[in-house]
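Subject: Handing over the structure

Hi,

Here is the structure I promised to pass on to you. Have a look at it first, and then read on for what turned up in it.

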Amino acid sequence: MEIFLEETDEEHPVSRKGLEERLEEHGIHVERKTLYNDIETLKNFGMDIIYRKEQPEGYYLAHRDFELAELKLLVDAVQSSRFITQKKSGALIRKIEKLTSRYEARKLQRQVVVADRIKAMNESIYYNVDKLHTAIALNQQITFRYFEWTVSKEIRMKKDGQSYHVSPWALTWDNENYYLIGYDMEAELIKHFRVDKMLDIALAGQERAGRDEFSKFDLARYTKRTFGMFGGSEETVRIRFHNRFVGVVIDRFGKDVPLHPDGGEHFIARVEVAVSEQFFGWITGLGRDVQIISPQSVVEKYRSLLADLGKLYEENNLGV
């Protein structure tokens, strides 16, 4: 079975003699009839072993659980995922490569073309995710410590290193990071936490709290309206876009976002957002053909931010 799994595919069959030689290398001597019986047993076990008469002649495993295209997709997803460290990415990709023959595994290796991208530095995130899923499945509260980075690139614990006590309700992946959505008993609020910044996660042995609050919580709506998972006051905002941005708006807010034509070249979108500087940064990044229309309070906040930024970059403030 290992020989068929690791060394054969449609382009690389193995002959009867080749099978006998490979088994001999493992100290296993077989006669032709025994070999045929063994192959038949593997077929009955569920392995799709086919004999090809044309050259190159021989037996090969025709069907696997994953197609090569699917494995390439998995490799690309692992390697490009920022929340998985470089070390863990390498380990996962080596395991994925074992799901096909060693010949096709070489094609998977050619897929790894983003090795220099920024990856997470917290090696424990892989196990953090598993612990959080376990806590959710067991309906248990958790404790953990939470950190942030300092300018000197050192870890600084939040709350002076004291533990957070949270009821975990969901995990979400946003802006290339994993987040826990949980109910903070102390604050009596639903909050989110970056999973790669959580340390010493442990089950608290108590049933989760905040069930009523979370039953009213719309996770999809929450992630759509929150930019970079930065919180802010929730507002229904009307924004005027040039028509060329319709794809950007749908990608950000989904196909159900209300869009209304405004003249021949523009449309107005009505969206729910958490108003924050990250939201304003997204608006600014789209340039001059995007304008917040209402409410006036959000317009004023944006104007104030732009004015402050303008002052920050005035010539006399730059010392030139």
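In what follows, contact means heavy atoms within 4.5 Å. Please keep in mind that this is a predicted model.

With that in hand, let me begin at G58. This residue belongs to strand β2, which covers residues 58-61. Is G58 buried or exposed? Its relative accessibility is 0%, and buried means under 20%, so G58 counts as buried. Leaving aside residues up to four places away in sequence, G58 touches P13, V14, S15, I50, Y51 and R52. There is also a link across the sequence here: G58 and R16 are 42 residues apart along the chain, yet their C-alpha atoms are 6.8 Å apart in space. Just before this strand, Q55 and P56 are joined by a cis peptide bond, with omega at about -5 degrees. P56 sits in the loop between β1 (49-52) and β2.

R16 leads on to a pair of helices. The axes of α2 (residues 16-25) and α3 (residues 32-45) come within 11 Å of each other and cross at roughly 95 degrees. Angles of 65 to 115 degrees count as roughly perpendicular, so that is how α2 stands to α3. On the α2 side the contact is made by R16, L19, E20 and L23, and they meet R32, L35, Y36 and I39 of α3. By class, these residues divide into 5 nonpolar, no polar and 3 charged.

A second helix pair is α4 with α5. Here the axes come within 9 Å and cross at roughly 170 degrees. Since angles over 145 degrees count as roughly antiparallel, α4 is roughly antiparallel to α5. L71, L74, V75, V78 and Q79 from α4 meet Q86, S89, L92, I93 and I96 from α5. This contact has 7 nonpolar, 3 polar and no charged residues.

What about the interior? In soluble globular proteins, nonpolar side chains tend to be buried together. The largest nonpolar core in this model has 26 residues, and the ones that touch the most other members are L132, I142, F144, L180, F193, V195 and M198. Two or more residues each come from α4 (68-80), α5 (86-97), α7 (125-137), β3 (140-149), β5 (164-174), β6 (177-184) and β8 (198-207). Another core, of 23 residues, lies apart from it, and includes F279, W282, V290 and I292.

Next, a sheet to look at. In what order do the 4 strands of the open sheet stand? The order is β10-β11-β9-β12, and the pairing is antiparallel. At the edges are β10 (259-262) and β12 (290-294); each has a single partner strand, so one side of each is left without a neighbour in the sheet. From one strand to the next, the twist averages 40 degrees.

Inside that sheet, β9 (residues 233-242) and β11 (residues 266-275) run antiparallel and are joined by 10 bridges. One of the bridge pairs puts E235 opposite V273 of β11. β10 and β11 are also antiparallel, over 4 bridges, and P261 has F267 in β11 as its bridge partner. The hairpin of β10 and β11 has 3 residues between its strands, and in it G263 takes a positive phi near 80 degrees.

Two helices accompany these strands. Helix α10 (residues 246-253) lies across β9, β10 and β11, at about 30 degrees to β11. Helix α12 (residues 296-312) packs on the sheet and touches β9, β11 and β12, with its direction at about 135 degrees to that of β12. In the loop between β12 and α12 you will find P295, which is joined to S294 by a cis peptide bond with omega at about 0 degrees.

Finally, two backbone details. D160 is not a glycine, but has a positive phi of about 55 degrees. It is found in the loop between β4 (155-157) and β5. With a relative accessibility of 77%, D160 counts as exposed. D200, also not a glycine, has a positive phi of about 55 degrees, and its place is in strand β8.

Happy browsing, and do write if you would like to talk any of this through.

Best wishes

Conventions
Residues are numbered from 1 along each chain as its sequence is written. This is a predicted model: local features need pLDDT of at least 70, side-chain atom pairs count only at pLDDT 80 or more; totals for chains, interfaces and linings use all residues. Side-chain values use heavy atoms; hydrogens and water are left out. Two strands pair if DSSP finds at least two bridges between them. Axes are lines fitted to C-alpha atoms, for helices over the stretch in contact, and angles run from 0 to 180 degrees between N-to-C directions. Angles under 35 degrees count as roughly parallel, over 145 as roughly antiparallel, 65 to 115 as roughly perpendicular and the rest as oblique. Ala, Val, Leu, Ile, Met, Phe, Trp, Tyr, Cys and Pro count as nonpolar, Asp, Glu, Lys and Arg as charged, and the others, Gly among them, as polar. Buried means under 20% relative accessible area, exposed over 50%, partly exposed in between (1.4 Å probe, protein chains only). A nonpolar core is a set of buried Ala, Val, Leu, Ile, Met, Phe, Trp, Tyr and Cys residues joined through side-chain atoms within 4.5 Å.
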